Amino acid sequence: MVRVLRRLLAVSDVSDAVVGAAPAVPLRQVFRRFWPYTRGGRRWLVPIAVFSLLGPAVDAAEIWLFKIVVDDVLVPRDLRPFLWITPVYLGLVVCSGILGFADDVTSTWVGERFLLSLRSDVFRHVQGLSLGFFERRRLGDVLSRVTGDVDAVETFLLSGVADALYYVVRLGVFLGLLFYLRWDLTLLALVIVPLFWGAARHFSRLVKQAARERRRRSGSISAVAEESLGNVALVQAYNRQQWEERRFERESVGRFQAVMASARIRAVYGPVVELIEVSGGLAVMALGTWKLAQGQLTLGGLLVFLAMIGRLYGPVRGLSRLGTSFYAASASAERIIELLDQRPQVVEAPGARRAGRARGAVEFDGVWFRYPGTASWALSDVSFRVAPGQTLALVGASGAGKSTVAKLQLRFYDPDRGAVRLDGTDLRELRLADVRESVAVVLQETLVFHGTVRDNIAYGRPDATEADIVAAARAADAHEFIERFPEGYDTMVGQRGRTLSGGQCQRLAIARAMIRDAPVLLLDEPTTGLDAGTGRRIMGPLRRLMAGRTTVVISHNLLTVRDATRIVVLDHGRVVEQGTPEELVERDGPYARLHRLNAMGGHPGLGTVPS
């Protein structure tokens with residue numbers, strides 16, 4: 001088992017691991033980190049404690065009645081005590097059932113409230129992380145942490161603690177009764193308790209290592225599945241199904257091996273504990289039988305004592321087993337803590353100002369920026385200004401830095417040097433929500449949610465009325481094709497809009513930007529992936545969307561550039577030229593060569609032309 005674990009852990013350290021292991025965190029720190037999430041349900045911990053106290057007391061009373069039955073009914077063969085023992089025993093059984101029901105319902109309510117609070121907080125925290133986090137992390141692994149790992153934390157903090165309390169109370173009740181019956185037999189029974197703890201301590205370390213690897217592999221499986229199924233068209237187009245299957249199988253086999261290692265550990269742990277328990281029971285039985293022969297103990301007393309020894313060893317065994325469960329659940333807690341310790345790269349400054357309705361003046365002033373973990377600059381000393389209502393086109397080869405400009409405008413990142421301004425104010429001085437509220441976007445990858453057409457358009461402004469939605473759809477030339485759907489605006493578009501054509505998805509995106517009515521418009525390759533005819537039809541709605549707004553257009557297509565009042569040509573993150581379209585054509589520079597090639601019927605892609 002140890003060799004298997006070492007091999008698994010060695011594999012998890014390789015550089016090409018799909019998901020890395022989370023840093024180890026001490027159990028005390030894990031408990032302290034998540035205890036605040038119990039705040040809403042702490043008052044219910046008192047009833048749970050009462051149930052934990054009354055439950056063992058009722059069980060002990062049932063066992064004590066068995067002693068009376070043996071000593072006062074069976075041995076003397078006197079049935080009269082049985083007349084009052086029967087209703088008392090039935091009453092105890094009913095009471096035990098009521099306590100069990102109340103305990104289960106209350107514990108479940110407290111546990112689920114804890115999960116609701118923690119999962120919501122984790123999801124809220126992830127939503128607040130900067131775009132860079134999602135660009136570096138596997139989405140499937142993040143989903144695995146938000147779902148499965150959060151459940152395990154509840155086991156660690158509440159269910160485990162409630163079980164521990166129950167075991168401790170049960171141990172105290174039966175230990176007290178055992179000392180009351182026979183203190184000498186009880187001391188003999190307790191001799192084996194250190195063996196329980198020693199076995200639990202040894203096996204817990206192995207269980208935690210296996211649990212860490214199992215949770216890491218579970219995240220890897222989710223990451224591979226999400227990535228492969230999310231790009232299933234590409235996978236099938238390139239006949240990479242078998243490669244993806246092998247990749248998925250590799251992570252599944254790793255999880256299988258980790259689960260089997262954990263199962264082997266538990267399978268060995270169970271018989272070891274049982275052997276310890278049986279040894280203690282046999283020792284007590286031997287001494288008790290001798291005392292029974294000597295007349296120092298009644299038959300009922302011996303039977304009840306042996307029954308209570310079983311009830312005593314149960315909590316001891318449960319507490320020792322609970323230790324292994326704690327260690328296993330702490331592996332998931334470590335993954336959640338690592339996620340919660342992530343901090344957004346972009347944070348709102350204390351006392352950030354409200355922007356109000358912006359006029360729409362956009363300015364990049366000597367902006368230098370490089371992505372975290374990279375050595376080269378994505379933007380180097382980029383400066384330009386767009387007046388309210390004007391249109392700026394950013395052109396250049398792929399990797400020139402055009403999309404980076406868009407990310408800085410939306411404040412997904414902050415520049416390392418220089419400033420990005422809105423109406424003359426540095427974006428870092430404004431409320432983050434106001435910065436993004438002032439911008440409407442139509443992205444290169446048309447993002448459509450699984451939902452109705454109405455939901456996707458109203459995503460730009462949740463409080464929009466039905467008239468607003470229809471007006472936006474008309475302006476985007478989407479109303480006609482929407483009306484042709486069997487359910488009109490209530491038509492479900494499918495995940496990522498797979499039931500729609502590329503042009504229809506793009507017009508929904510335009511309608512979504514239209515209904516937002518923001519002063520700044522950001523168009524990132526709005527016609528990419530569309531055929532020439534569809535691209536030309538999209539230009540009408542785009543022009544209506546651009547009217548009266550400050551627009552930044554990122555495009556390889558001259559169709560979307562020709563309406564620009566100013567053009568900035570980027571090359572390897574630097575501005576190589578900028579000016580009006582007429583000025584750039586007269587300069588006979590990179591843009592002029594692109595323009596001539598397009599006029600001659602050449603390839604319209606700006607990124608393929610030498611500068």
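Here are some short exercises with worked solutions on a predicted model.

**Exercise 1. The sheet**

Work out the order of the strands in the four-stranded open sheet, and find which strands stand at its edges.

*Solution.* Start with the order: the open sheet runs β2-β1-β4-β5, with antiparallel pairing. Next, look at the ends of that order. β2 (379-386) and β5 (425-426) each have a single partner strand, so one side of each is left without a neighbour in the sheet. Now turn to β1 and β4, which pair in the antiparallel sense over five bridges. To find your place in this pairing, locate F364, which stands opposite V420 in β4.

**Exercise 2. An aromatic cluster**

A search of the whole structure finds seven aromatic pairs. Take the pair of F369 and Y371 and classify its geometry; then find which other ring pairs with F369.

*Solution.* First, the rings of F369 and Y371 lie 4.9 Å apart, centre to centre, with 80 degrees between the planes. Planes over 60 degrees apart count as edge-to-face, and the pair is therefore edge-to-face. Second, F369 also pairs with Y413, at 5.3 Å centre to centre and 50 degrees between the planes, which is a tilted arrangement. Third, place this second pair in the chain: F369 lies in strand β1 (residues 362-369), while Y413 is in the loop between α12 (402-409) and β4 (417-422), so the pair ties together parts that are 44 residues apart in sequence. Putting the steps together, F369, Y371 and Y413 form one aromatic cluster.

**Exercise 3. Buried or partly exposed?**

Sort the three residues of the cluster, F369, Y371 and Y413, by their relative accessible area.

*Solution.* The cut-off you need is that buried means under 20% relative accessible area. F369 has 2% and is buried. Y413, at 4%, counts as buried as well. Y371, at 21%, counts as partly exposed.

**Exercise 4. Charges over rings**

Find which rings lie under the charged ends of R370 and R417.

*Solution.* Begin with R370: its charged end sits over the ring of W377, 4.3 Å from the centre of that ring. Then take R417, whose charged end sits over the ring of W368, 5.0 Å from the ring centre.

**Exercise 5. The second largest pocket**

Describe the lining of the second largest pocket: which elements contribute to it, and what kinds of residue does it hold?

*Solution.* Start with the volume, which is about 280 Å³. The pocket is lined by 18 residues, and the closest to its centre are I48, L158, V161, A162 and D163. Next, assign the lining to elements: α3 (45-74), α4 (82-127) and α6 (139-181) are those that give two or more residues. The largest share, nine residues, comes from α6. Finally, sort the lining by residue type, and you should arrive at 11 nonpolar, four polar and three charged residues.

**Exercise 6. Two positive phi angles**

Locate R411 and D588 in the chain, and decide for each whether it is buried or partly exposed.

*Solution.* Some background helps here: most residues other than glycine have a negative phi. R411 is not a glycine, yet has a positive phi of about 55 degrees. Its place is in the loop between α12 and β4, and R411 is buried, with a relative accessible area of 2%. D588, also not a glycine, has a positive phi of about 55 degrees. D588 is found in the loop between α19 (581-587) and α20 (590-599), and at 42% relative accessibility D588 counts as partly exposed.

Conventions
Residues are numbered from 1 along each chain as its sequence is written. This is a predicted model: local features need pLDDT of at least 70, side-chain atom pairs count only at pLDDT 80 or more; totals for chains, interfaces and linings use all residues. Side-chain values use heavy atoms; hydrogens and water are left out. Rings of Phe, Tyr and Trp (its six-membered ring) pair if their centres lie within 6.5 Å; planes under 30 degrees apart count as stacked, over 60 as edge-to-face and the rest as tilted. Buried means under 20% relative accessible area, exposed over 50%, partly exposed in between (1.4 Å probe, protein chains only). A charge sits over a ring if NZ of Lys or CZ of Arg is within 6 Å of the ring centre and within 35 degrees of the ring normal. On a 1 Å grid over the protein atoms alone, a cavity is a set of points where a 1.4 Å probe fits but cannot get out, and a pocket is an open set with protein on both sides within 12 Å along at least five of seven lines; lining residues have an atom within 4 Å of a point. Grid points are joined across faces, edges and corners, and a volume is the space filled by probe spheres set on the points. Ala, Val, Leu, Ile, Met, Phe, Trp, Tyr, Cys and Pro count as nonpolar, Asp, Glu, Lys and Arg as charged, and the others, Gly among them, as polar. Two strands pair if DSSP finds at least two bridges between them.
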